[in-house]
Amino acid sequence: MENKIYLFRNRCEYFKVLTKDDVINIIGEFGSLKDTLLNSYRKNKNYIVISIDNIIFDKCVNEEEKQLKKLFDKKGIDNVDIMYKETLKYVNSKNKKCVIEGKNLIYIDNLNIIKGRVIVERTNTLRCYFNIVMSDYKNPKLNVKESIKQFFISMISRLNIIFNKIDIENFIKKLDNYKE
């Protein structure tokens, strides 16, 4: 099964070109190392990097995400399809290439709105779980006692990562069946 994400074994990235637009969409589970892919684009002045997840969870890291967050809040936008379209409009107004990332992109209902290339990270679910728990644990805002407490809370609360891999598998299935 080509779309399968394993518990212990990593799979190579899934690629699909949907249109000729200069848009790269990076999708993967939380903790799947999407940021590693993004780092090279963040340093390139020809690209605008937008994390839909950062906007949704109010963790904007750049000016573009902050502006989009304000726009979405002002318009009351909470639908991923509309967020994606508005993000494309915003980026097109800047005349730059674009990288859009986020797990929440799997919730786009209408695949026709996705432009450019899609890359799906298929990091094994145990690795994703470990990465996200460790990032929670290493929160610099917490002291040692709070960090240890957060580590155990995170271990339990983040178990859904192991069981929700089916969402990404189903998205890959949709992409495989997509015809322009």
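How many of the 180 residues in the chain are buried? In this predicted model, buried residues make up 47% of the chain. The secondary structure comes to eight helices and five strands. Read from the N terminus, the elements go β-β-α-β-α-α-α-β-β-α-α-α-α. Contacts across long stretches of sequence are a big part of the picture: of the contacts with a separation of 6 or more, 76% are between residues 24 or more positions apart.

Strand β2 (23-27) is a good place to start looking. Five of its five residues are buried, so β2 is largely enclosed by the rest of the structure. Cover comes from both faces, with Val23, Asn25 and Ile27 buried on one side, and Ile24 and Ile26 buried on the other. As for strand partners, β2 runs parallel to β4, and four bridges join the two. Within that pairing, Ile26 has Glu101 of β4 as its bridge partner. β2 also pairs with β5, again in the parallel sense and again over four bridges. There, Ile27 stands opposite Val120.

Next comes the nonpolar interior. The largest nonpolar core has 32 residues, and the ones with the most contacts inside it are Tyr84, Ile100, Leu105, Ile114, Val118, Phe171 and Leu175. Quite a few elements give two or more residues to this core, namely the strands β2, β3, β4 (97-101) and β5 (117-120), along with the helices α2 (52-56), α3 (63-75), α4 (80-94) and α8 (165-177). Of these, α4 gives the most, with six residues. Tyr84 shows what such a core residue reaches: leaving out residues up to four places away in sequence, Tyr84 touches Val23, Asn25, Ile100, Leu105, Ile108, Ile113, Ile114 and Lys115. Apart from the largest core lies another one, of eight residues, and among them are Ile24, Tyr47, Val49 and Ile119.

What about Lys85, which lies in helix α4? Lys85 has 43% relative accessibility and therefore counts as partly exposed, since that class runs between 20% and 50%. Its C-alpha atom is separated by 8.4 Å from that of Ile114, a residue 29 positions away along the chain.

Phe72, in helix α3, is a buried residue, with a relative accessible area of 2%. Setting aside residues up to four places away in sequence, Phe72 touches Ile55, Ile77, Met83, Glu86 and Thr87. For Thr87, the separation is 15 residues in sequence and 9.7 Å in space, C-alpha to C-alpha.

Is Asp53 buried or exposed? This charged residue is found in helix α2 and has 5% relative accessibility, so Asp53 counts as buried. Beyond its neighbours within four places in sequence, Asp53 is in contact with Phe30, Lys34, Glu101, Gly102, Lys103 and Asn104. Glu101 also turned up above as the bridge partner of Ile26. Asp53 and Glu101 are 48 residues apart in sequence, while their C-alpha atoms are 7.5 Å apart in space.

Finally, there is the second largest pocket, which has a volume of about 210 Å³. It is lined by 13 residues, of which Arg42, Tyr47, Ile48, Val49 and Glu64 are the closest to its centre. Two elements, α1 (34-42) and β3 (47-51), give two or more residues to the lining. β3 gives the most, with three residues. By character, the lining of this pocket divides into six charged, five nonpolar and two polar residues. Tyr47 and Val49, both listed here as lying closest to the pocket centre, are also among the eight residues of the separate nonpolar core.

Conventions:
Residues numbered from 1 in each chain as written. Predicted model: local features only at pLDDT ≥ 70, side-chain atom pairs only at ≥ 80, totals over all residues. Heavy atoms only, no water. 1 Å grid on protein atoms, 1.4 Å probe; cavity = no way out; pocket = protein on both sides within 12 Å on 5 of 7 lines; lining within 4 Å. Points joined across faces, edges and corners; volume = space filled by probe spheres on them. Core = buried A, V, L, I, M, F, W, Y, C linked by side-chain atoms within 4.5 Å. Buried < 20%, exposed > 50% of the residue type's maximum accessible area, 1.4 Å probe, protein only. Contact = heavy atoms within 4.5 Å. Pairing = 2+ DSSP bridges.
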